[in-house]
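The following paragraphs lead through selected parts of a protein model. The sequence and the coordinates should be consulted alongside the text.

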Amino acid sequence: MADEKKVFKVTIDNITVEVDPGTTILNAARKIGGEVAPPAMCYYTKLKGSGGKCRTCLVEVSQGSTADPRPMPKLVASCRTTVMDGMVVKNITSEKVIDARKGVVEFLLINHPLDCPICDQAGECDLQNLSYDHGASGTRYAFPRRTFEKHDLGPYIQLHMTRCIMCFRCVYTADQVTNQRVHGILDRGEHVEIATYIQQSLDNDFIGNVIDVCPVGALTDKTFRFKNRVWFLKSVDAHRDCPKCAGKVRLWYRGDEVFRVTARKDEFGEVEDWICNECRFEKKRSADWVIEGPTHVDRHSVISANHYVGVHKPQETLPEIMGRNPRLLMDIHSVSEVNKPDVDLSLLPGPAHSDDFKDK
């Protein structure tokens with residue numbers, strides 16, 4: 001008889017879930033979903049070694065396990081701490097976590113410029129969402145913010161080091177997804193930056209994925225730069241037969257024009273399938289793709305403005321109560337002495353004029 005699969009029971013914000021041994025607290029919380037899942041600015045499921053740098057996912061462990069019920073003395077990073085059987089975790093139910101997360105957000109914003117009105121990441125920026133949910137209304141920092149010289153990364157990617165929060169996702173992506181990494185972390189302390197050191201271009205076939213993994217506007221798409229706002233665009237899922245990648249992407253339309261192409265992301269903002277530069281930068285015609293349908297957009301996102309997918313229209317209750325359609329009581333066209341009933345305004349070749357009602 002095969003041995004039964006061992007699972008751990010962990011309680012997060014009074015909700016118990018069963019997970020496999022070795023699962024981190026963050027992934028256990030994501031299994032529950034909603035506000036129970038802590039925010040993460042540096043952790044990325046598909047990137048080995050990521051996590052443990054931004055400290056936004058701090059949680060309180062009030063009970064270590066069933067065998068050792070003692071609480072952990074300090075807040076721990078949920079992306080690097082594995083669960084134990086019987087562990088009890090507090091996230092949004094802990095005042096310590098809320099206060100600590102507020103402090104972490106303040107540190108992340110110390111050197112971050114307030115250029116959201118001109119940043120291409122606005123509307124889909126994880127730092128914007130984090131500061132809105134957990135940040136303070138003002139800043140106590142009165143010193144000059146750090147600045148960097150402009151660094152050319154090639155024809156497709158624009159680097160804004162002043163916006164970088166040093167999550168290192170782009171470095172892990174270039175190291176693990178591409179065949180060759182030419183950029184990395186230079187200097188130390190407050191002078192640390194992401195650069196290529198010898199002004200090399202990022203021209204690998206999959207290097208465009210660093211744009212998708214960046215949680216802020218530090219790495220943006222030059223082909224989309226300053227062209228439009230994401231809340232003015234409509235996104236659809238599409239695919240094509242690509243010899244280099246899965247070819248599953250998200251097209252962003254305004255009218256009939258494709259403004260940009262990105263990888264598909266899950267509910268936690270992580271890329272589902274890496275895409276190549278050809279799909280991302282060169283295939284911007286509808287004829288290049290097989291359109292699958294509109295993208296499901298979270299209703300809490302600003303991108304959902306005028307983007308109604310799967311929304312059910314409320315049922316009219318007045319006809320059932322009154323026994324007749326109330327719209328018939330307001331049919332002005334049939335009772336007005338100004339617009340003659342025999343003149344159909346919708347059939348006029350242009351705007352209605354007084355000449356249209358002569359001899360009527």
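Is Asn 277 buried or exposed? The model is predicted, and in it Asn 277 has a relative accessible area of 8%. Because values under 20% count as buried, Asn 277 is classed as buried. The residue belongs to helix 6, which covers residues 277-282. When residues up to four places away in sequence are left aside, Asn 277 touches Asn 204, Asp 205, Phe 206, Ile 207, Gly 208 and Glu 282.

A second buried position is found in a loop. Arg 229 is located between strand 9 (219-221) and strand 10, and its relative accessibility of 17% places it in the buried class. Which residues surround this side chain? Not counting residues up to four places away in sequence, Arg 229 touches Cys 116, Pro 117, Ile 118, Cys 119, Asp 120 and Ala 122. One of these, Pro 117, is separated from Arg 229 by 112 residues in sequence, while the distance in space is 9.9 Å from C-alpha to C-alpha. Two polar contacts add detail to this picture. The side chain of Arg 229 reaches the backbone oxygen of Cys 119 at 2.6 Å, and a polar atom of that side chain also lies 3.2 Å from the backbone oxygen of Cys 116.

Beyond this loop, strand 10 leads into a sheet. The sheet is open and consists of 4 strands in the order 12-11-10-13, with antiparallel pairing. Strand 12 (257-263) and strand 13 (290-294) each have a single partner strand, so they stand at the edges and one side of each is left without a neighbour in the sheet. On average, neighbouring strands of the sheet are turned by 35 degrees against each other, direction ignored.

The pairing can be followed strand by strand. Strand 10, residues 234-239, is joined to strand 13 by 4 bridges, and the two run antiparallel; His 239 has Val 290 of strand 13 as its bridge partner. Strand 10 is also joined to strand 11, here by 6 bridges and again in antiparallel fashion. In this pairing, Ser 235 is matched with Trp 252 of strand 11. Trp 252 in turn has Arg 260 of strand 12 as a bridge partner, within an antiparallel pairing of strands 11 and 12 that comprises 6 bridges.

Strand 11, residues 248-254, is mostly covered, as 5 of its 7 residues are buried. Strands 11 and 12 form a hairpin with 2 residues between the strands, and Gly 255 in this hairpin takes a positive phi near 75 degrees.

Positive phi values also occur elsewhere in the model, in residues other than glycine. As a general background, most residues other than glycine have a negative phi. Where do the exceptions lie, and how accessible are they? Asn 14, with a positive phi near 70 degrees, lies in the loop between strand 1 (8-12) and strand 2 (15-19). Its relative accessibility is 70%, and Asn 14 therefore counts as exposed. Arg 55, with a positive phi near 65 degrees, is placed in the loop between helix 1 (25-32) and strand 3 (58-63). Arg 55 counts as partly exposed, at 36% relative accessibility.

Conventions. Residues numbered from 1 in each chain as written. Predicted model: local features only at pLDDT ≥ 70, side-chain atom pairs only at ≥ 80, totals over all residues. Heavy atoms only, no water. Pairing = 2+ DSSP bridges. Axes fitted to C-alpha atoms, helices over the stretch in contact; angles between N-to-C directions. Buried < 20%, exposed > 50% of the residue type's maximum accessible area, 1.4 Å probe, protein only. Contact = heavy atoms within 4.5 Å. Polar contact = N/O pair within 3.5 Å; in protein donor to acceptor, adjacent residues only side chain to side chain.
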